[in-house]
Amino acid sequence: ISKKDIAVAFRKILPHTNLIGEPTGVVAAAEIFQKKDIALKTVAVVSGGNLTMEAIGELLRSSQPSLN
């Protein structure tokens, strides 16, 4: 999964769930978003809490975030 895939997953998850997942916390969801045929009952755990406001802003703005 690329940094761009993680940022895309972050931006997809936020408006639909109001969850702010940290970059490593959305990797499973990013992988699922990449798949074309997934089981109807697929689950990904989204975790967060290890983010600064600057990191959130970068994930929302950038197509290639640094994810530091």
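A charge sits over a ring if NZ of Lys or CZ of Arg is within 6 Å of the ring centre and within 35 degrees of the ring normal. The model used in these exercises is predicted.

**Exercise 1.** Find which residue lies over the face of F33, and give its distance from the ring centre.

*Solution.* Start at the ring of F33. K12 lies over its face. The distance from the ring centre is 4.6 Å. Next, place both residues. K12 is in α1 and F33 is in α2, and both belong to the contact of these helices.

**Exercise 2.** Describe how α1 packs with helix α2.

*Solution.* Take the geometry first. Helix α2 covers residues 27–34. The angle with α1 is about 95°, and the axes are 8 Å apart. Angles of 65 to 115 degrees count as roughly perpendicular, so α1 is roughly perpendicular to α2. Now list the residues. From α1 come D5, I6, A9, K12 and I13. From α2 come V27, A29, A30, F33 and Q34. Finally, sort them: seven are nonpolar, one is polar and two are charged.

**Exercise 3.** Do the same for helix α1 (residues 3–17) and helix α3 (residues 53–61).

*Solution.* The packing angle is about 95° and the axes lie 8 Å apart. Therefore α1 is roughly perpendicular to α3. Helix α1 brings A7, F10, R11 and L14 to the contact. Helix α3 brings I56, L59 and L60. Sorting gives six nonpolar residues, no polar ones and one charged.

**Exercise 4.** How many aromatic pairs does the structure hold?

*Solution.* Ring centres must lie within 6.5 Å to pair. The count for this structure is zero.

Technical notes: Residues are numbered from 1 along each chain as its sequence is written. This is a predicted model: local features need pLDDT of at least 70, side-chain atom pairs count only at pLDDT 80 or more; totals for chains, interfaces and linings use all residues. Side-chain values use heavy atoms; hydrogens and water are left out. Axes are lines fitted to C-alpha atoms, for helices over the stretch in contact, and angles run from 0 to 180 degrees between N-to-C directions. Helices (H or I, at least four residues) and strands (E, at least two) are DSSP runs, numbered from the N terminus. Angles under 35 degrees count as roughly parallel, over 145 as roughly antiparallel, 65 to 115 as roughly perpendicular and the rest as oblique. Contact means heavy atoms within 4.5 Å. Ala, Val, Leu, Ile, Met, Phe, Trp, Tyr, Cys and Pro count as nonpolar, Asp, Glu, Lys and Arg as charged, and the others, Gly among them, as polar. Rings of Phe, Tyr and Trp (its six-membered ring) pair if their centres lie within 6.5 Å; planes under 30 degrees apart count as stacked, over 60 as edge-to-face and the rest as tilted.
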